[in-house]
Amino acid sequence: MVTVAPPLPLAPRPAHHAVRHLGPNWYATVMGTAIVGTAGAALPLRLPGLRPACAALWALSLALLPALLAARALHWRHHRDRARADLLDPATAPFHGCLAMALLAVGAGALTVGRDWIGTGPAVALGAVLFGAGTVVALAAAVAVPYLMAVRHHGAQPTPVWLLPLVAPMVSAASGPALVPYLPPGQARATLLLACLALFGLSLLATLALLPVVFGRLLTGGPLPPVLTPTLFLVLGPLGQSTTAVGRFAEAAPGVVPGPQARAFAVFAVLYGVPVMGFALLWLCLSGAQVARARREGMGFAMTWWAFTFPVGTCVTGAAVLARHTGLVACDVLAVALYAVLVGAWGVVAAGTVRGLLSGALLAGPRPAPAGPRRATGRTRLDGVR
């Protein structure tokens, strides 16, 4: 009689293995959550419970930020091969701009609604620290990622994801004016305001150079793969954020720059913001139609669905700032309507993310390629889930 030894138990995986496939796109959860609170505070409505709910969402984003920073630090420490591969992957590298926008979104929320919970002094300190760190990271991403794409990512097909490192300085430009009143009068205030204007120009010109490439790819190259279709909403980010930025420049300019310049900021806020918001609405309809088509073809949940949150939120703040500068009720109605879309999208995407985390699907590695062709609805490196 032969005795068969029982199989040896498998060695447990180290805890850090869970973050091996935690990419920089996960910072979109912080951005998308923070903007719901910030955009809600910008609405003309004063509904009971709205502002506390916005503050609670900001607090959630504040809790998510250090958790993700710690997880990404573990990723870089224990899975440096994967981290370097992400930098050299043209589909993943642009998501490194999300870190800057996560820092800036939480910092802006601190000054908008976070002060209700932590007080004005701590909110200003937190906002200033996150603004400074976010701006440095945004500028680094705006230079490093396009450089890598130019010298290492040859032959990659353009997608709206390419906009992410370029729109990060625009988020900084829209966040900085809120800090202007807390600086000493004179040179300090004027320097910050005009520095934000420079960040606006940097991001806007880079976006204008890239947007025709993305638009041309959409019109001539056919629809994006289903898992990437939600990224069409990313184009709304620079549109809504730039409209928000010019409106906030106009609000911060009086008493900081000479009177004629302040009046010019106010005129520019309307002359720039109205046509750009018009194009944003066109793009929203076009993107929504593409998403509906992809959904009919079996598009499953993926982390790319977070593109339905932050870019739409920037259009809410853009419409709200236009309402303040034009006095048009139509802009108020637009801001409220877009905010309803934003809240609904955040609820769906947050629920899908929680389900994916609990099942382990979102942090699992990419599945092996199938032996034969099949419809493109499975997992990709962008953390999709069937």
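This is a short chat about one helix and two pockets in a predicted model.

Reader: What kind of model is this, and what pLDDT do local features need?
Author: A predicted one: local features need pLDDT of at least 70, side-chain atom pairs count only at pLDDT 80 or more, and totals for chains, interfaces and linings use all residues. Residues are numbered from 1 along each chain as its sequence is written, and side-chain values use heavy atoms, with hydrogens and water left out.

Reader: How many residues has α8?
Author: 17, residues 236-252. Helix α8 reaches 24 Å from first C-alpha to last, close to the 24 Å expected (1.5 Å times one less than its number of residues). Helices are DSSP runs of H or I, at least four residues, numbered from the N terminus.

Reader: Why is α8 largely enclosed?
Author: Because 15 of its 17 residues are buried (under 20% relative accessible area, 1.4 Å probe, protein chains only).

Reader: New topic. How much space lies in the largest pocket?
Author: About 540 Å³. A pocket is an open set of points on a 1 Å grid over the protein atoms alone, where a 1.4 Å probe fits, with protein on both sides within 12 Å along at least five of seven lines.

Reader: Which residues are closest to its centre?
Author: Thr112, Ala178, Arg248, Glu251 and Arg324, of 23 that line the largest pocket (lining means an atom within 4 Å of a point). Elements giving two or more residues to that lining include α8 and α10 (310-326).

Reader: And the second largest pocket, what volume?
Author: About 300 Å³. Its lining has 16 residues, with Trp26 and Leu64 among those nearest the centre.

Note on methods. Buried < 20%, exposed > 50% of the residue type's maximum accessible area, 1.4 Å probe, protein only. Points joined across faces, edges and corners; volume = space filled by probe spheres on them.
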